[in-house]
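Subject: Structure handover and notes

Dear colleague,

I am passing the structure below on to you, together with some notes on what was found in it. Please look through the sequence and the model first, and then read on.

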Amino acid sequence: MTNSTGAGGVRQRMPYARRREQLLAAALGEFGRRGFHLTQMEHVASAAGVSKALLYQHFTSKEELFSEVTGAIVAELTDRMRTAAASTHSSVEGVRAMVRTLFDYATEEPAGWALVIRHLDKPEVGDDLRGIRDRMGEEFAGLLLRRRRANPALSPAELAANERRARLLAPLMYGSMLSMVSWWLEHPDTPRRKAENMAVEFIWLGLDRLRSGERIRFED
């Protein structure tokens with residue numbers, strides 16, 4: 001497939017890496033808009049302005065194409081979260097940084113965010129995307145355990161108990177964050193700062209009450 005005209009009017013092929021990048025961008029838009037099951041290879045080819053035959057020269061199947069797209073999303077988003085968590089000194093600031101990272105990604109990469117939210121909980125297509133949840137869980141657990149891991153007074157058994165508790169709490173933290181970002185995108189009249197603060201307060205104040213030992217007595 002050609003895309004430019006060189007000296008003497010000779011058509012030149014787009015470099016392989018650049019073409020592949022173009023195809024992945026088109027696929028991201030289609031998967032985010034239609035979902036995996038409704039997206040066909042011809043949709044991606046049409047969006048990229050190429051033939052389906054050329055698309056198959058780069059990707060042998062829709063599954064391979066989807067895996068490439070989601071792999072890139074996981075790599076970028078987890079790198080952003082890792083950087084955000086490492087840039088803070090307190091757990092609450094770490095939570096705030098993680099919240100801000102998700103809001104940033106959702107506004108800067110709307111197609112990527114749409115793909116994540118659409119497919120994250122679908123086991124038949126979401127295996128690669130679940131790497132995002134695993135990474136978020138690790139980062140949140142690390143934030144919760146930051147002070148405890150640095151406390152020499154804690155015994156190995158006490159630290160292990162804290163780690164188990166943190167890994168139970170982590171899904172509640174990132175689940176509420178994903179929900180808040182999606183809600184805010186659907187209600188843009190709400191100031192972003194207000195939505196971010198609500199997410200941080202919901203997560204942190206709830207965790208603070210749990211850490212203080214407050215519990216609800218449930219009747220079986």
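A record makes a convenient starting point: in an unreviewed UniProt entry, residues 40–59 carry the annotation "DNA-binding region". Please keep in mind that the model is predicted. Within it, the stretch 40–59 is 75% helix and 0% strand, and the C-alpha atoms at its two ends are 13 Å apart.

The next topic is the aromatic side chains. Searching the whole structure turns up four aromatic pairs. One of them joins F31 and F36, whose ring centres are 6.1 Å apart and whose planes meet at 20°, so this pair counts as stacked. Both F31 and F36 are buried. F36 also pairs with F66, this time edge-to-face, with 5.0 Å from centre to centre and 65° between the planes. This second pair connects distant parts of the chain, since F36 sits in the loop between α1 (16–34) and α2 (41–48), while F66 belongs to helix α4 (residues 62–86), and the two are 30 residues apart. F66, like F36, is buried. Taken together, F31, F36 and F66 make up one aromatic cluster. A charged group is found here as well, for the charged end of K62 sits over the ring of F36, at 4.4 Å from the ring's centre.

The other place I would point you to involves S91 and R146. S91 is part of helix α5, which covers residues 91–108, and R146 is part of helix α7, which covers residues 130–149. Is S91 buried or exposed? Its relative accessible area is 10%, which is under the 20% cut-off, and S91 is therefore buried. R146, by contrast, has a relative accessibility of 26% and so counts as partly exposed.

Setting aside neighbours within four places in sequence, S91 is in contact with L143, R146 and W204. Seen from the other side, and again leaving out residues up to four places away in sequence, R146 touches A85, T88, H89, S90 and S91. For S90, the separation from R146 can be given in two ways: they are 56 residues apart in sequence, yet their C-alpha atoms lie 8.1 Å apart in space.

With best regards

Conventions:
Residues are numbered from 1 along each chain as its sequence is written. This is a predicted model: local features need pLDDT of at least 70, side-chain atom pairs count only at pLDDT 80 or more; totals for chains, interfaces and linings use all residues. Side-chain values use heavy atoms; hydrogens and water are left out. Helices (H or I, at least four residues) and strands (E, at least two) are DSSP runs, numbered from the N terminus. Buried means under 20% relative accessible area, exposed over 50%, partly exposed in between (1.4 Å probe, protein chains only). Contact means heavy atoms within 4.5 Å. UniProt positions are given in the numbering used here, feature names are shortened, and annotations may be inferred rather than shown by experiment. Rings of Phe, Tyr and Trp (its six-membered ring) pair if their centres lie within 6.5 Å; planes under 30 degrees apart count as stacked, over 60 as edge-to-face and the rest as tilted. A charge sits over a ring if NZ of Lys or CZ of Arg is within 6 Å of the ring centre and within 35 degrees of the ring normal.
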